[in-house]
Amino acid sequence: MKHDYQYWTEKWNKGKIFRVENDRIKKKSYIFSAFPKTNLYGFQDAGFRSLLACDFYARYERMKGFNVLFPTGFDSLGLSAFIENKKHNTAMQQDIAGIFDEQMKMLGIGMDEQKKIDLKQSDYLTSLQLSFVELYERGYIHYDWIDVYQDSSKKKIFDSYFYKEQLVPNKVKAFYLDISSIKNEVINKINDLPCSLEQKKEVLEMLSPKEILQMNFAVTNGAKLSVELTEPQYLGGLSFILIHPDYIDISLYTLYEEYQAIELYLSDDNANDFGVFSGTYAINPLTGKKIPIFISVKYDQPVYLANPFLNPLDRITAKEEGLPIVDVVQNGVFIESDFLNGMKETEGRLAIIQSFIEADMCQCKKIYTKDKILLSSLDSLGALIPFLKDNEDHIYSLKRYLPFVFSAKLRPILDEDIDVPGNIIPGSINHIFSTGMIPILSMLYDDIGAVVSIFSKEALLLFKSWLPMKFMAIHKEEQFESIFFPLCILTIIEKEKGVQLPPLFNQVMLDTFVCDESGKPLLRSNRNLLDISKSLEHNHGDAFRLYFLSKPIEQSFLYSNLELESLHNLIKAIEDSYHRGFVEKNQLDSVFSEFIKEEEQYLQDLNISSYTINLISFFKAHLYKNQMTVKQGKLFLKLLYLVCPFLSDDLYESVYKSKYLLNDDGWIN
């Protein structure tokens, strides 16, 4: 090929083919892939498959006349990105995102220079921090104690969803998103996702589902106590029951002679932390033993079933109150639990649920226990939290002074000199929020540099005009921040504004690992990362596109230099076939017609790998040895353009002597 990638990226930019137009009438198409996390060497793990898939579809949509929003950029926040910057340059401002920028251009990924988002940009930081403040003001973000996991150094905290065996549980005071009031709506949105049942299950797992038993206990005074058992496997060892005063009419469960003690307990003069005995007992349906019922405000649950093994605090309480203590698990195996004896905990749980259902003593239903999402990080190099606090933990909002950013010396500053009482809250906004907001905030970048509230009328209009996302391709490990979290935010917006927005996704595709020739994933820990820049100098970007787009991104595959070179040679063969000249007539019209129908069907099915393989096969079977007519050559170029844009535009210019870009010629009629 006579032109390098720089020639065409400059020409594409000059032709503004990737520009998102401020056109309120032109039909819109929103395509999204998660931004790469910056490092010193770019796409070392060949993690650009999802970007290539999105670029493929974005080029197709543009040729069909759509105003395409395909946001591109760099996830350059956080300590890891800063460390990589330090390797490259000591100045924070000179970012290594440029390495990714160059490799993306070499791969032919279309980037709107006006809407290329570096997460450290002040306009994105302002939008991010404004969203954070507004969610806090509306009661969805809280600053309070939350369960987290930490590494052994205690220098990092993780949301419980990202639990790993080497992490330890802890409780810290931090910012979190409370989704308890929207959980059912989020579950409905997940169930409506346009993806496989297996993938829906994976996303629902992020809400920590648990099967529970809903059953009635007989009370000694003739009443019935309806209880949801979240831990039914411990039913045999229940020691006492606490009923919250707000649960139901206390008189149903309390003997008359206990009223005075209960009234005292509920009064302001009460000093008793535990509760007061109701005078009644529940009958354990498994063992027939009596379980004392207490009226208590000690727990938030309407009915709390106490078992000293399950909760260490219950053991202390039971000892203080002289209540019976029954251990039901020893060395991970059930004891003192009737027919569960000898079973492991997970096995016992399934057995008791099944037994009670078969005995028609209860109903089994699924609940989702996760309703808090950690938003704080101990990393001080992320997007800074836009709040200060005083010594009494009073929170001061910095909404008027956004963005809250870093100075050149890496000290937190505001965008102007101000005098705000209080201290900077340690840490920063974590990766879940800063990355998870990208799919939402990208739709508001109608005018770059403008900061629009996600709850504004303007935002609602933009959401309605861009959604649903026509095509989304991300790595399988990015589902929490790129699927689950945006669904939560969109649900909050709908609830707060009393509107019904279009679905967030129309099509979701997940990519997986690229492996080396020994079958090991390309990971730093495996010491097998690639030098992509060097490879791109040896093999043209179109060869990479052919290679990666011809493999289903939902399947891992082996990276082979030999196969890559083979496709590089195929590109040369395609170029040579065009320079052989055209013929006036041949017998290829019918096979071309059938070929175009097949490719159109693959596009409708979003089957990119089959589209690409069919393209290669058609060339080898029909065009390698036969000359084309002018019309056939142009048809093949248009189909080739989605996979090999450099080659296609190069041939369109050199062979067809066109002053325009192939994109401007439109899709096949």
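Author: Let's start with a word you'll need: a residue is buried when its relative accessible area is under 20%. Keep in mind that this is a predicted model.

Reader: Okay, how covered is helix H21, and which of its residues are buried?

Author: H21 is mostly covered, with ten of its ten residues buried. Pro 645, Phe 646 and Leu 647 are among them, and so are charged-looking letters such as Asp 649, Asp 650 and Glu 653. The cover over those buried residues includes helix H1 (5-15), H2, helix H4 (97-106), helix H16 (541-549), helix H17 (561-579) and H20.

Reader: H20 is on that list. At what angle do H20 and H21 pack?

Author: Helix H20 (residues 630-641) and helix H21 (residues 645-654) pack at about 150 degrees, and their axes are 8 Å apart. Angles over 145 degrees count as roughly antiparallel, so H20 and H21 are roughly antiparallel to each other. Their crossing is left-handed. On the H20 side, look for Lys 634, Leu 637, Leu 640 and Tyr 641; they meet a set in H21 that includes Pro 645, Leu 651 and Tyr 652.

Reader: What about helix H19 and H20: how far apart are their axes?

Author: Helix H19 (residues 608-623) packs on H20 at about 150 degrees, with the axes 10 Å apart. H19 is therefore roughly antiparallel to H20. This crossing is left-handed too. Tyr 611, Leu 615, Phe 618, Phe 619 and Leu 623 of H19 make the contact with Phe 636, Leu 639 and Leu 640 of H20.

Reader: How should I think about the nonpolar core, and which residues touch the most other members?

Author: In soluble globular proteins, nonpolar side chains tend to be buried together. Here the largest nonpolar core has 86 residues, and Phe 471, Phe 548 and Phe 636 touch the most other members. Helix H2 (residues 49-63) gives the largest share, nine residues. A second, separate core has 76 residues, including Leu 128, Phe 175, Met 472 and Ile 493.

Reader: Which residues does Phe 471 touch beyond its sequence neighbours?

Author: Its contacts include Tyr 30, Ile 31 and Phe 32, then Ala 53, Cys 54 and Tyr 57, and further along the chain Leu 606 and Ile 608.

Reader: And Tyr 60 in helix H2: buried or exposed?

Author: Tyr 60 is buried, at a relative accessible area of 5%. Setting aside neighbours within four places in sequence, Tyr 60 is in contact with Glu 600, Leu 603, Leu 642 and Trp 667. Its C-alpha atom is separated by 13 Å from that of Asn 607, although the two residues are 547 residues apart along the chain.

Reader: What should I look for in the backbone?

Author: Most residues other than glycine have a negative phi, and most peptide bonds are trans. Ala 46 has a positive phi, near 55 degrees. Ala 46 sits in the loop between strand S1 (28-32) and H2, and is buried at 1% relative accessible area. Leu 606 also has a phi near 55 degrees; its place is the loop between helix H18 (589-604) and H19, and at 10% relative accessibility Leu 606 counts as buried.

Reader: Which peptide bonds are cis?

Author: One joins Leu 402 and Pro 403, with omega about 5 degrees. Pro 403 is in the loop between strand S21 (395-397) and strand S22 (405-406). Another runs from Leu 467 to Pro 468, with omega near -5 degrees. Pro 468 lies in the loop between helix H13 (457-466) and strand S26 (471-475).

Reader: How confident is the prediction, and which helix has the lowest mean pLDDT?

Author: The protein averages a pLDDT of 87, and 93% of the residues score at least 70. Among the elements, helix H3 (residues 79-88) has the lowest mean, 55, while helix H14 (residues 479-497) has the highest, 97.

Conventions:
Residues are numbered from 1 along each chain as its sequence is written. This is a predicted model: local features need pLDDT of at least 70, side-chain atom pairs count only at pLDDT 80 or more; totals for chains, interfaces and linings use all residues. Side-chain values use heavy atoms; hydrogens and water are left out. A nonpolar core is a set of buried Ala, Val, Leu, Ile, Met, Phe, Trp, Tyr and Cys residues joined through side-chain atoms within 4.5 Å. Buried means under 20% relative accessible area, exposed over 50%, partly exposed in between (1.4 Å probe, protein chains only). Helices (H or I, at least four residues) and strands (E, at least two) are DSSP runs, numbered from the N terminus. Contact means heavy atoms within 4.5 Å. pLDDT is the predictor's confidence in each residue, from 0 to 100. Axes are lines fitted to C-alpha atoms, for helices over the stretch in contact, and angles run from 0 to 180 degrees between N-to-C directions. Angles under 35 degrees count as roughly parallel, over 145 as roughly antiparallel, 65 to 115 as roughly perpendicular and the rest as oblique. A crossing is left-handed if the near helix is turned anticlockwise from the far one by less than a right angle, and right-handed if clockwise.
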